[in-house]
Amino acid sequence: MDREPSFVYYPAGTEDNLVGEFHFGSASDEEVLTPGKGIKLFVTDPPYNLGFDYGEVSDNQPEEDYHQMMEDVVDACYEAADDDAHMFLIHYPQDFAKMWPRLTKKWKFHQWITWAYPANFGHSTKKWTNASRTILWRVKGDPEFYGDRVVQPYKNPWDRRIKKLIHEEGKIGTPLYNWWQVNLCKNVSKDKKEYSNQIPEELLERIVLSTTNLGDLVADPFSGTFSTSRTAMRLGRRAWGCDLNPDVIKWRPTLTDYDSEPKIDQPKYDREYPFYKFEEAGLTIEQIHKISAHLLETLSPEEIAKAPGIGIAKAKKMKEALQGKADKDGTVQTGIDSF
Ligand SMILES: C[S@@+](CC[C@H](N)C(=O)[O-])C[C@H]1O[C@@H](n2cnc3c(N)ncnc32)[C@H](O)[C@@H]1O
């Protein structure tokens with residue numbers, strides 16, 4: 001296979017300040033990922049060896065070959081990492097169990113994170129629906145962690161002590177737990193590419209903000225759609241990526257993806273918690289549901305459409321559904337979930 005050219009981006013006039021470096025090839029190849037690169041953070045989801053379509057790259061290897069490939073790549077990442085660095089690897093727990101000695105040979109175990117997501121596929125009569133993956137966080141040396149940069153809303157903002165934190169100390173939330181609910185990339189989202197297992201930006205953003213600073217080098221050895229690199233560059237970090245599938249070259253980020261002065265609130269609410277305002281107001285989920293139902297019934301479609309992300313067409317459909325009117329195709333929409 002001919003090697004496609006690699007691309008390296010520097011902002012104009014700053015030849016010593018690389019902001020993006022993207023290769024065709026495997027990270028286990030020293031010509032692709034050279035040791036001593038000073039990479040601060042690796043975030044990646046490898047091929048799962050479950051038969052996904054990655055063009056000419058097989059996702060159906062004999063188990064031993066697959067495990068060896070994983071070991072070679074994580075070892076190469078270790079050699080390319082800074083003396084103090086993080087590596088987050090996304091996979092299924094049962095596969096981590098099989099590969100444990102290989103994955104923790106050089107990198108030191110730090111934490112398991114469970115990534116859970118609502119799923120409406122693969123229901124089985126033999127077991128519960130698989131709707132989570134594990135993020136295995138390992139470290140080299142003793143890297144910094146900034147757990148107060150991305151927070152979730154306080155669960156009890158009406159509590160006297162929490163009110164004090166909010167009003168006197170300017171705190172807006174509490175650190176995240178080691179279980180995260182982040183939706184999978186929706187097919188309709190504008191960022192979604194036609195590729196299996198694209199990792200949602202929300203999840204990548206949490207990790208990048210909590211473990212790196214502006215200008216740090218963030219790498220993904222199994223880049224796919226280059227979601228990690230694009231998120232890192234948007235947040236003012238420098239990015240390194242590679243992939244063995246030539247089809248993904250079209251998704252490599254460009255200089256326009258890099259923002260040297262990103263606007264990042266410190267601390268910021270995680271994007272997965274859009275309803276923090278309800279929680280700040282001290283409402284329970286049941287109360288939120290009751291208020292929503294009341295508003296849906298009493299507001300006009302025009303007023304409902306003012307809520308972010310709704311739009312007049314959806315608002316009208318919701319009202320019609322509430323009144324039991326049939327859709328064009330004859331079905332009756334029964335609730336907000338059906339949109
Ligand atoms: C699960 S996908 C990554 C998806 C990516 N995280 C995203 O958000 O788009 C795994 C990728 O690893 C690539 N791959 C498989 N074996 C590889 C290897 N040895 N070196 C580099 N890339 C490899 C596949 O071509 C595929 O694009």
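In the predicted model, helix H1 (residues 63-80) meets helix H2 (residues 93-103) through His67, Met70, Glu71 and Val74 on the H1 side and Met99, Arg102 and Leu103 on the H2 side, two residues being in contact if their C-beta atoms, placed from the backbone, lie within 7 Å. By class, the residues of this contact of H1 with H2 divide into 4 nonpolar, 1 polar and 2 charged, where Ala, Val, Leu, Ile, Met, Phe, Trp, Tyr, Cys and Pro count as nonpolar, Asp, Glu, Lys and Arg as charged, and the others, Gly among them, as polar. Helices (H or I, at least four residues) and strands (E, at least two) are DSSP runs numbered from the N terminus.

Two packed helices are described by the angle between their axes and the distance between the axes. The axes of H1 and H2 come within 10 Å and cross at roughly 40°, the axes being lines fitted to C-alpha atoms, for helices over the stretch in contact, with angles running from 0 to 180 degrees between N-to-C directions. That angle makes H1 oblique to H2, since angles under 35 degrees count as roughly parallel, over 145 as roughly antiparallel, 65 to 115 as roughly perpendicular and the rest as oblique. The crossing in which H1 passes H2 is right-handed, a term used if the near helix is turned clockwise from the far one by less than a right angle, and left-handed if anticlockwise. Within H1, Glu71 counts as partly exposed because it has 17 C-beta neighbours inside 10 Å; a residue is buried if 20 or more other C-beta atoms lie within 10 Å of its own, exposed if 12 or fewer, and partly exposed in between. Glu71 and Trp100 are 29 residues apart in sequence, with a C-alpha to C-alpha separation of 9.9 Å.

Residues are numbered from 1 along each chain as its sequence is written. As the model is predicted, local features need pLDDT of at least 70 and side-chain atom pairs count only at pLDDT 80 or more, whereas totals for chains, interfaces and linings use all residues.

A second helix pair is formed by H4 (residues 201-211) and H5 (residues 227-234), whose axes come within 9 Å and cross at roughly 55°; H4 and H5 are therefore oblique to each other. H4 passes H5 in a right-handed crossing, and Glu201, Leu204, Glu205 and Val208 in H4 meet Ser227, Thr228, Thr231 and Ala232 in H5. The contact of H4 with H5 comprises 3 nonpolar, 3 polar and 2 charged residues. Ser210, also found in H4, is partly exposed, with 18 C-beta neighbours inside 10 Å. Its partners, leaving aside neighbours within four places in sequence, are Phe145, Tyr146, Gly147, Arg149 and Val150; the C-alpha atoms of Ser210 and Gly147 are separated by 5.6 Å, although these residues are 63 apart along the chain.

Loops on either side of H5 were examined next. Phe226, in the loop between strand S10 (217-220) and H5, has a positive phi of about 65° although it is not a glycine, and counts as buried with 25 C-beta neighbours inside 10 Å. In the loop between H5 and strand S11 (238-243), Gly236 is likewise buried, with 20 other C-beta atoms within 10 Å. Leaving aside neighbours within four places in sequence, Gly236 is in contact with Leu214, Gly215, Asp259, Ser260, Glu261 and Pro262, and its C-alpha atom lies 5.1 Å from that of Asp259, a residue 23 places away along the chain.

Positive phi values also occur elsewhere. Asn49, in the loop between strand S3 (39-44) and H1, has a phi near 60° and is partly exposed, with 19 other C-beta atoms within 10 Å. Just after helix H3, Gly170 takes a positive phi of about 70°; H3 itself (residues 160-169) lies largely in the open, as the number buried among its 10 residues is 0.

The ligand is surrounded by 22 residues, of which the closest are Ser26, Phe222, Gly224, Thr225 and Asn245, a residue being near if its C-beta atom, placed from the backbone, lies within 6 Å. This shell divides into 13 nonpolar, 7 polar and 2 charged residues. Over the protein chain as a whole, there are 9 helices and 12 strands, and 29% of the 339 residues count as buried. Among contacts between residues at least 6 apart in sequence, 65% join residues at least 24 apart.
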